[in-house]
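Good morning, and thank you for joining this group meeting. I would ask you to look at the sequence and the structure as they appear, and I shall then go through them in order.

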Amino acid sequence: MAGTADIVSRMRANPNNVRYRDLCLVCDHYFGKARQSSGSHRIYKTPWPGDPRVNIQNEKGRAKAYQVRQVLLAIEKLEAEHGSKK
């Protein structure tokens with residue numbers, strides 16, 4: 001199985017072709033365990049104020065491209081705040 005950094009790299013290269021389970025692994029790594037996991041949705045808490053969550057959805061084994069892009073933006077924000085990459 002590919003490491004988280006490899007998955008993130010593939011996500012950046014093509015957010016339209018990401019497996020849902022890979023996106024779950026990335027979100028678990030960066031945001032911790034999902035605070036809600038029901039049906040086809042998972043919701044992850046993020047450390048900043050405002051709308052502090054990342055919502056991802058399973059669609060026939062694939063992640064939705066706009067949600068992949070939202071996760072990538074959240075990862076970039078985390079990395080910028082912490083000054084390093086995980």
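**Helices, sheet and salt bridges**

I begin with helix 2, residues 20-31, which lies across strand 2, strand 3 and strand 4 and runs at about 20° to strand 2. Helix 3, residues 65-82, also packs on the sheet, where it touches strand 3 and strand 4. The direction of helix 3 makes about 150° with that of strand 3. Please note that what we are viewing is a predicted model.

Let me place these elements in the whole. The protein chain has 3 helices and 4 strands. Followed along the sequence, the pattern is α-α-β-β-β-β-α.

I turn now to the sheet. In what order do the 4 strands stand? The order is 1-2-3-4, in an open sheet with antiparallel pairing. Strand 1, residues 36-38, and strand 4, residues 62-63, stand at the edges; each has a single partner strand, so one side of each is left without a neighbour in the sheet. As general background, the strands of a sheet pair through backbone hydrogen bonds, in either a parallel or an antiparallel manner. Within this sheet, strand 2, residues 41-45, and strand 3, residues 53-59, run antiparallel and are joined by 5 bridges. For one position in strand 2 we can name the partner: His41 has Gln57 in strand 3 as its bridge partner.

The next topic is the charged side chains. In general, side chains of opposite charge can pair when their charged atoms come close. How many salt bridges does the structure hold? There are 5, and I shall describe three pairs among them.

The first pair I shall show is Asp22 with Arg10, whose side chains meet at 3.5 Å, N to O. Asp22 belongs to helix 2 and Arg10 to helix 1, residues 4-13, so this pair ties together parts that are 12 residues apart in sequence. Is Asp22 buried or exposed? Its relative accessibility is 7%, and Asp22 therefore counts as buried. Arg10, by contrast, has a relative accessible area of 41% and is partly exposed. Both residues also belong to a network of salt bridges that links Arg10, Arg19 and Asp22.

Another salt bridge joins the side chains of Glu79 and Arg12, at 4.0 Å, N to O. Here Glu79 lies in helix 3 and Arg12 in helix 1, so the parts tied together are 67 residues apart in sequence. Glu79 is buried, at a relative accessible area of 13%, while Arg12 is partly exposed, at 38%.

A further pair connects the sheet with a helix. Arg42 forms a salt bridge with Asp28, and their closest N and O atoms are 3.7 Å apart. Arg42 lies in strand 2 and Asp28 in helix 2, so the pair links parts that are 14 residues apart in sequence. Both count as partly exposed: Arg42 has 23% relative accessibility, and Asp28 has 30%.

Finally, I come to the chain as a whole. The C-alpha atoms fill a box of roughly 35 × 25 × 20 Å, taken along the principal axes. For 86 residues, a compact globule would have a radius of gyration near 12 Å, and the protein chain agrees with this, having 12 Å. Of these residues, 36% count as buried. The protein chain exposes about 5400 Å², and carbon and sulfur atoms supply 48% of that area. Among contacts with a separation of 6 or more, 45% are between residues 24 or more positions apart.

Technical notes
Residues are numbered from 1 along each chain as its sequence is written. This is a predicted model: local features need pLDDT of at least 70, side-chain atom pairs count only at pLDDT 80 or more; totals for chains, interfaces and linings use all residues. Side-chain values use heavy atoms; hydrogens and water are left out. Two strands pair if DSSP finds at least two bridges between them. Helices (H or I, at least four residues) and strands (E, at least two) are DSSP runs, numbered from the N terminus. Contact means heavy atoms within 4.5 Å. Axes are lines fitted to C-alpha atoms, for helices over the stretch in contact, and angles run from 0 to 180 degrees between N-to-C directions. The radius of gyration is taken over C-alpha atoms; the globule rule is 2.2 Å times the number of residues to the power 0.38. Buried means under 20% relative accessible area, exposed over 50%, partly exposed in between (1.4 Å probe, protein chains only). Accessible areas come from the Shrake-Rupley method with a 1.4 Å probe; for residues, only the protein chains shown count as cover.
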